[in-house]
Each structure stands twice: as C-alpha cells, then as structure tokens.
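Notebook open, coffee poured. Today I'm going through the charged pairs and then one helix packing.

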Amino acid sequence: MPKPKPINLALQGGGSHGAFTWGVLDRLLEDERIDVVAISGTSAGAMNAAAFAQGMVAGGRAGARQCLEDFWRKVSDLAMFVPVRETPWDDWWEIWTGRRVAADVLRGVTRAMSPYQFNPAGFNPLRELVATAFDFDAIAACDTLTLHIAATNVFTGKVRVFTEAEVTADVLAASACLPQLFQAVEIDGEPYWDGGYMGNPALFPLFYADGPDDIVLVQVSPFERRQLPTTVEDIDNRVDEIAFNGSLLRELRAIEFVSRLIDEGKLTANTRYHRILMHAIEGGAELAGHPPSSKLNADWDFLVALRDLGRLKAEDWLAANYSAIGRKATLDLRAMFG
C-alpha cells in the first residue's frame with residue numbers, strides 16, 4: 001500500500017451543523033490513504049478536532065471515529081447548542097407563520113438582556129459538557145497530529161490560537177462562546193469570545209508550521225447566498241455569516257495573492273512564503289438549505305442526517321480529488337477573487 005498522503009484540516013464552527021463535519025471526518029478516517037497531521041478548528045470545529053485527537057490516542061482511527069460519535073451523542077443528550085428546546089408545537093407554528101417558537105423566544109431574550117443579566121451566575125452548560133466529554137491529558141499527549149484552537153480576545157479583538165497542552169475545557173468553551181448567550185470565558189486573566197469572529201477557522205497556524213502544503217477546509221457556513229434577506233431573522237443570520245466568514249476570506253485572498261506572485265516570478269518560494277494547496281469539502285445546497293435556526297437543533301436524527309451528508313460529500317471529494325493531494329489545489333481561489 002502506498003504511503004498515506006498528509007493533509008491539514010481546517011474545521012469551521014456552526015453549532016449543530018458541525019455534525020456535517022463529524023461525517024466528513026468519519027469518512028476521512030476510513031481512508032488509510034489519508035494522514036491528518038494538523039487540525040485548526042473553531043467552535044463546533046474545535047470540538048470535532050478535540051474528539052478526533054482524543055480518539056486517536058485511545059484507539060487510532062477506529063478510536064477517533066468512536067470518540068466523535070460519542071461526543072455528538074452527548075450533544076444530543078444534553079442539547080449543548082439549545083438553550084431553548086423546540087417542541088412539536090414548533091412544527092405547527094412554522095407551518096402557519098414560517099417561524100420557530102423556540103428560536104423566537106431565544107432571540108427575544110438575547111435582544112432584551114445580556115448573559116450578565118439573564119444569567120448572572122455565569123452558568124455555562126457548554127463548558128460543563130466539554131469538561132466531562134474530553135480527557136485533556138490524552139489530547140495533550142496526542143503526538144500524531146497538532147491541534148490549533150481559535151478564540152477571540154474581547155479586549156484586543158485579536159485571535160488567539162491555543163495549541164497542544166494549552167487546549168483545556170476553558171479553551172474549547174471560549175472557542176464556542178457566543179456573547180449573546182454566554183459570559184466571556186476568562187483565560188490567563190483575559191476574556192474570550194467565539195473564535196469565529198477572527199478565525200472561522202484560522203488558517204495561518206497551518207501554513208506557517210512545518211508540514212504538508214495541503215489544507216482541506218471543511219465548510220459549513222456558505223460564502224454566498226443568492227437570495228436577498230428581507231426578514232429580521234434572515235438579515236441577522238446573513239450578517240452573522242458574513243462576519244464569521246470575513247477573516248477566512250481574507251486569509252484565502254492572501255493565499256491566492258502569494259500563489260499568484262510565485263506564478264508570475266515576482267516572489268521566490270521560501271520557508272515563509274510558499275504555495276498553499278487549498279481544497280474544500282462543503283455541504284452544498286443540501287446543508288445551506290437548512291434554516292440557520294437549525295444550528296440549534298440537537299435532535300439525534302437530525303445530527304445523524306448531517307453526519308451522513310458529510311460522509312457523502314467527503315466520499316465525492318475523495319473520488320474527484322484524491323490524486324490532486326500534494327500536487328495542486330482544487331479550490332480555485334483565482335476564480336473566487338478574480
């Protein structure tokens with residue numbers, strides 16, 4: 001059997017839609033032609049990355065697949081992403097109004113009060129879950145891949161990337177800390193919010209480190225929607241998508257710029273500036289067709305459906321692009337920014 005091809009993974013956040021990424025990872029782990037050497041993750045992507053690393057320590061590829069499934073089962077059981085649970089009445093209400101009751105209640109609360117007002121004790125169920133779901137000593141001991149977990153410093157507005165032994169329950173909770181829902185997570189005396197504001201996910205730790213030139217972006221938040229949002233909810237959701245994709249688009253544009261300079265002979269590739277081979281596995285119309293409110297849907301059947309979609313998209317990507325790994329990019333950045 002030929003030597004596995006090494007790749008880096010970049011995992012976006014997106015609440016329950018992170019189960020799509022679970023499916024992508026599950027399929028990649030099945031393929032022994034692929035060797036994941038580093039993962040940069042944010043929010044739900046950070047959770048997937050931590051489960052991947054912990055499982056690899058516990059039992060290799062099979063262990064990683066099992067750890068990912070166990071984590072998402074806990075998400076469903078404890079409804080980590082769902083401060084207000086939906087009920088069968090939501091289905092009836094949506095038929096008549098096009099809106100979800102639980103989402104409306106949550107939106108009303110977060111617009112009227114901050115988490116420092118409606119949750120003065122600072123209870124964070126997300127942190128409680130990750131503290132019990134993960135073995136951070138095992139994650140730190142993982143020597144088969146490197147983790148990079150992004151969070152946004154509230155004071156400076158800059159991204160901080162935590163790696164290896166720095167990854168703790170607080171770091172994972174910070175990486176997924178939406179300021180409308182949770183109080184900022186304090187780390188080393190500094191408050192942090194969701195890493196998606198400044199890196200969804202952060203790519204620079206992958207192309208500045210020694211390792212493969214290939215980065216596979218697992219995308220759950222679409223760059224483009226060809227429909228004008230006209231409702232308050234749709235406008236808010238599109239604003240969030242644009243904000244959370246902004247830093248990623250800037251990094252992709254920088255990669256395209258450096259590659260173009262190398263192609264034109266204006267820059268000689270070196271250890272700091274070199275060609276990055278970008279790839280992407282994205283959910284397409286099937287994932288984008290789910291309303292943004294479904295990012296709060298932790299029902300097991302929904303998560304499994306997203307997992308299966310992720311497996312299918314990864315299978316399609318492998319069939320079409322495996323031969324390109326290590327040779328050329330399959331994400332056309334020049335067309336994206338031209």
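Salt bridges first. I counted 20 of them, keeping in mind that this is a predicted model.

Entry 1, a pair inside one helix. I looked up Arg27 and Glu30, whose side chains form a salt bridge with N and O 3.7 Å apart. That is inside the 4 Å cut-off. Both sit in helix 1, three residues apart, so about one helical turn separates them. Buried or exposed, I wondered about Arg27? Arg27 counts as buried, because its relative accessibility is 14% and the limit for buried is under 20%. Glu30 comes out as partly exposed at 35%.

Entry 2, a pair across the chain. Arg160 makes a salt bridge with Asp188, and the closest N and O atoms are 3.2 Å apart. I checked where the two sit: Arg160 is in strand 4 (residues 159-163), while Asp188 is in the loop between strand 5 (185-187) and strand 6 (190-194). The pair is 28 residues apart and links distant parts of the chain. On accessibility, I noted Arg160 as partly exposed at 24% and Asp188 as exposed at 62%.

Entry 3, a pair between two helices. Asp263 and Arg334 form a salt bridge, with 3.3 Å between the closest N and O atoms. Asp263 belongs to helix 10 (residues 232-263) and Arg334 to helix 13 (residues 333-337), so this salt bridge ties together parts 71 residues apart in sequence. I have both down as partly exposed: Asp263 has a relative accessibility of 45%, and Arg334 has 42%.

Entry 4, shared partners. Which residues does the network join? I listed Asp26, Arg27, Glu30, Arg65, Arg311 and Glu315, joined into one network by salt bridges that share partners.

Entry 5, helix packing. I went on to helix 1 (residues 18-30) and helix 2 (residues 44-78), which pack at about 25° with their axes 9 Å apart. That angle makes the two helices roughly parallel, because the cut-off for this is under 35 degrees. Helix 1 passes helix 2 in a right-handed crossing. Who makes the contact? From helix 1 I noted residues including Trp22, Leu25, Asp26, Leu29 and Glu30, and from helix 2 residues including Phe52, Met56, Arg61, Arg65, Leu68 and Trp72. Sorting the contact residues gave me eleven nonpolar, three polar and five charged. Looking back at entry 4, I see that Asp26, Glu30 and Arg65 are contact residues and also members of the salt-bridge network.

Key:
Residues are numbered from 1 along each chain as its sequence is written. This is a predicted model: local features need pLDDT of at least 70, side-chain atom pairs count only at pLDDT 80 or more; totals for chains, interfaces and linings use all residues. Side-chain values use heavy atoms; hydrogens and water are left out. Axes are lines fitted to C-alpha atoms, for helices over the stretch in contact, and angles run from 0 to 180 degrees between N-to-C directions. Angles under 35 degrees count as roughly parallel, over 145 as roughly antiparallel, 65 to 115 as roughly perpendicular and the rest as oblique. A crossing is left-handed if the near helix is turned anticlockwise from the far one by less than a right angle, and right-handed if clockwise. Contact means heavy atoms within 4.5 Å. Ala, Val, Leu, Ile, Met, Phe, Trp, Tyr, Cys and Pro count as nonpolar, Asp, Glu, Lys and Arg as charged, and the others, Gly among them, as polar. Buried means under 20% relative accessible area, exposed over 50%, partly exposed in between (1.4 Å probe, protein chains only).
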